[in-house]
Amino acid sequence: MQKLQGIAVSPGVAIGEALVIDNEGFRIPRRFVARDAVPQELTRLDQAIEAAGAEIELNRSAVAHELGDDYGAIFSAHLQMLRDARLRHELEHFVRERHYSPEYAVSRTLRRYAKVFQNLDNSYLAQRAGDIFDIEKKLLRHLLGQRREELSHLDAPVVVLAHNLTPSETAALNREFVLGFATEIGGPGSHTSIVAQGMEIPAVVGVGSFLSDVSGGELVIVDGDQGLIILQPDEETIAHYRYEVEEGRTRAAKLELLRDLPAVTADGIAVELFGNIEFPHEVEHCVERGSHGIGLYRTEFLYLGSEVEPTEEVHYEAYASVVRAMQRRPVVIRTLDLGADKVHEGVELPPNPSLGLRSIRLSLRDLPLFRTQLRAILRASVLGEVRIMFPLVTTLLELRQAKMVLADVMEDLQEQGVPFNPKVPVGMMVEVPAAVLMVDHFAAEVDFLSIGTNDLIQYTLAVDRSNKDVVALYNAADPAVLKLIKQSIDAGRKHSVHVSVCGQMSGSPTYTMLLLGMGLRCFSVVPSALPEIKKVCRALRIEQCERVSAHAMTLENARDVKNYLREELRKVLPDMAAS
Ligand code: PEP
Ligand code: MG
């Protein structure tokens with residue numbers, strides 16, 4: 001049995017057989033194929049060689065076209081190596097005789113070849129090892145690409161173990177068969193983690209390198225509460241976790257009873273509890289937990305889940321289904337927040353993607369894309385209580401530009417006689433420190449503000465939300481972050497503008513007292529957190545929250561703030577102490 005510590009990002013426990021998803025550039029575990037699967041595996045190998053060859057041919061002609069045949073010849077050498085009969089023979093030998101998986105055979109063989117070059121006493125030739133690694137990568141990408149496909153063709157329960165899962169890969173996981181997952185990299189605020197929570201799949205990320213220690217098929221436990229993964233657990237551990245799973249079910253059933261109780265504090269102050277969703281089907285999770293509305297619909301997943309750009313109709317259908325399901329309860333549709341870690345498969349990220357062309361910046365650069373989405377949202381606005389929200393607004397100019405595009409789209413719809421709500425409320429995310437510093441100005445120009453603590457923490461503390469190496473620094477309880485949140489809530493009150501918090505922080509009971517004490521009356525949380533947050537709100541009095549929040553704001557570091565908040569919560573609800 002081996003216990004590994006990672007970062008707990010989506011609660012719950014998963015116990016099942018491992019499905020290992022490798023990735024290019026990382027060690028391929030030694031995996032064996034069954035004797036009767038050899039012909040099939042060899043076909044897979046040949047297909048990968050063919051596909052890699054076609055890819056190199058394409059590169060060769062593109063480069064030759066631009067730079068001439070001499071440069072194209074670099075790729076001819078790659079082709080020669082790839083199609084070398086001896087290489088093919090050696091790979092076949094490993095698969096047929098030793099039953100290595102094609103991935104393992106490719107990796108082993110080509111790394112041995114590369115080593116021969118690396119050991120030569122000639123720097124030019126030693127560099128040729130790079131060409132061999134390149135071929136290895138290409139072949140693995142084609143082989144592993146097929147393995148990744150397995151994810152969408154599952155027919156038995158598995159626990160997925162991967163180097164990384166992108167947000168869109170996570171979103172495509174089959175909830176019926178994927179019991180949980182763990183990844184080597186990733187951080188607490190990554191969208192992979194957020195999607196896992198939305199899908200209610202137990203998950204642990206940022207475990208560090210461990211895939212070389214596992215092969216598919218062995219039993220594994222993912223503990224999404226403690227951030228642990230346990231490889232080959234012993235009987236006692238399995239029994240302990242089976243008990244935990246049962247306990248979790250009992251707790252969830254108890255919380256369900258809260259569904260129809262009002263969300264009011266113990267002293268009768270009403271609190272709005274909204275849900276965050278990424279996909280229309282998640283609206284059910286909100287409705288069944290008595291949510292008052294959708295506080296954040298992350299529409300970029302419409303793009304990430306599709307090979308082609310969604311048409312206006314595709315947008316409209318998605319929005320209409322959510323708005324109809326919410327039956328006149330508010331639905332905040334956030335315009336595209338593409339970029340940073342939310343990109344299509346295979347898109348190469350620029351350096352510093354979080355500071356790059358993402359979100360509203362991208363929408364303002366690509367007006368046809370933006371207008372298509374706005375048309376669809378406006379059309380859906382006649383079906384219920386739609387609100388439009390712009391993400392990552394940093395300057396007033398950006399907000400004004402976005403509103404101008406919206407006004408222009410409204411004009412078009414009017415001319416075309418297409419119905420929409422001309423008074424649709426327009427708001428923005430407050431998730432960049434610059435926006436907080438200017439929040440009084442922003443508040444005067446919007447109908448609502450929603451504080452996105454996930455990005456606000458990242459940009460305030462200069463800590464990548466997706467990077468496990470700085471996870472200890474990514475902290476909602478940091479006094480600097482608290483000051484910015486308070487400032488935003490105060491500005492909303494002063495300008496009579498509705499304020500919510502839609503970052504992950506608002507779904508953690510640790511912060512409920514603090515946020516209520518700061519004056520927040522609307523929490524937008526992952527649907528699974530709705531009952532728990534309601535339970536906490538119902539146990540608190542505002543005067544008590546104000547006292548706690550005022551004291552928390554005097555503390556100097558995140559650890560003290562967190563310990564203090566946990567202690568205060570424990571006094572009110574002892575059974576929630578661990579959350
Ligand atoms: C946030 O940044 O807090 C937020 C809610 O947006 P996202 O997590 O999609 O970046
Ligand atoms: Mg954000």
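A cavity, as the word is used here, is a set of grid points inside the protein where a 1.4 Å probe fits but cannot get out. With that idea in hand, the enclosed spaces of this predicted model can be explored one at a time. The count comes to 2 cavities of 30 Å³ or more.

The largest cavity has a volume of about 80 Å³. It is lined by 15 residues, and those closest to its centre are R298, R334, M429, E431 and N454. Two elements, strand 10 and helix 17, each give two or more residues to this lining. Helix 17 gives the most, with 3 residues. Sorted by class, the lining of the largest cavity holds 7 charged, 5 polar and 3 nonpolar residues.

This cavity has an occupant, for ligand 1 sits in the largest cavity. A shell of 16 residues surrounds ligand 1, and R298, R334, G452, N454 and R465 come nearest to it. Readers may recognise R298, R334 and N454, which are also among the residues closest to the centre of the largest cavity. The shell around ligand 1 divides into 7 charged, 5 polar and 4 nonpolar residues. Helix 7, spanning residues 191-199, strand 10, spanning 293-298, and helix 17, spanning 453-461, each supply at least two residues of this shell. Here too helix 17 gives the most, again with 3 residues.

Some side chains can be followed right up to the ligand, atom by atom. In H191, a polar side-chain atom lies 2.9 Å from an oxygen atom of ligand 1. The side chain of E431 likewise has an N or O atom that is 2.9 Å from a ligand oxygen atom. For D455, the distance from a polar side-chain atom to an oxygen atom of ligand 1 is 3.0 Å. How much of ligand 1 does the protein bury? Taken alone, the ligand exposes 290 Å², and the protein buries 100% of that.

The second largest cavity encloses about 40 Å³ of space. Its lining is made up of F274, G295, V332, R387, F448, S450, H498 and S500. Two strands each supply at least two of these residues: strand 14, covering 448-451, and strand 15, covering 498-501. By class, the lining of the second largest cavity has 4 polar, 3 nonpolar and 1 charged residues.

Placed side by side, the two linings can be compared by class. Charged residues number 7 in the lining of the largest cavity, whereas the lining of the second largest cavity has 1. The elements can be set out in a similar way: strand 10 and helix 17 serve the largest cavity, while strand 14 and strand 15 serve the second largest.

Notes
Residues are numbered from 1 along each chain as its sequence is written. Chains are lettered from A and ligands numbered from 1 in the order in which they are written. This is a predicted model: local features need pLDDT of at least 70, side-chain atom pairs count only at pLDDT 80 or more; totals for chains, interfaces and linings use all residues. Side-chain values use heavy atoms; hydrogens and water are left out. A residue is near a molecule or strand if one of its heavy atoms lies within 4 Å of it. A polar contact is a pair of N or O atoms within 3.5 Å; within protein, one must be able to donate a hydrogen and the other to accept it, and residues adjacent in sequence count only if both atoms are side-chain atoms. Accessible areas come from the Shrake-Rupley method with a 1.4 Å probe; for residues, only the protein chains shown count as cover. On a 1 Å grid over the protein atoms alone, a cavity is a set of points where a 1.4 Å probe fits but cannot get out, and a pocket is an open set with protein on both sides within 12 Å along at least five of seven lines; lining residues have an atom within 4 Å of a point. A molecule sits in a cavity or pocket if more than half of its atoms lie within 2 Å of its grid points. Helices (H or I, at least four residues) and strands (E, at least two) are DSSP runs, numbered from the N terminus. Ala, Val, Leu, Ile, Met, Phe, Trp, Tyr, Cys and Pro count as nonpolar, Asp, Glu, Lys and Arg as charged, and the others, Gly among them, as polar. Grid points are joined across faces, edges and corners, and a volume is the space filled by probe spheres set on the points.
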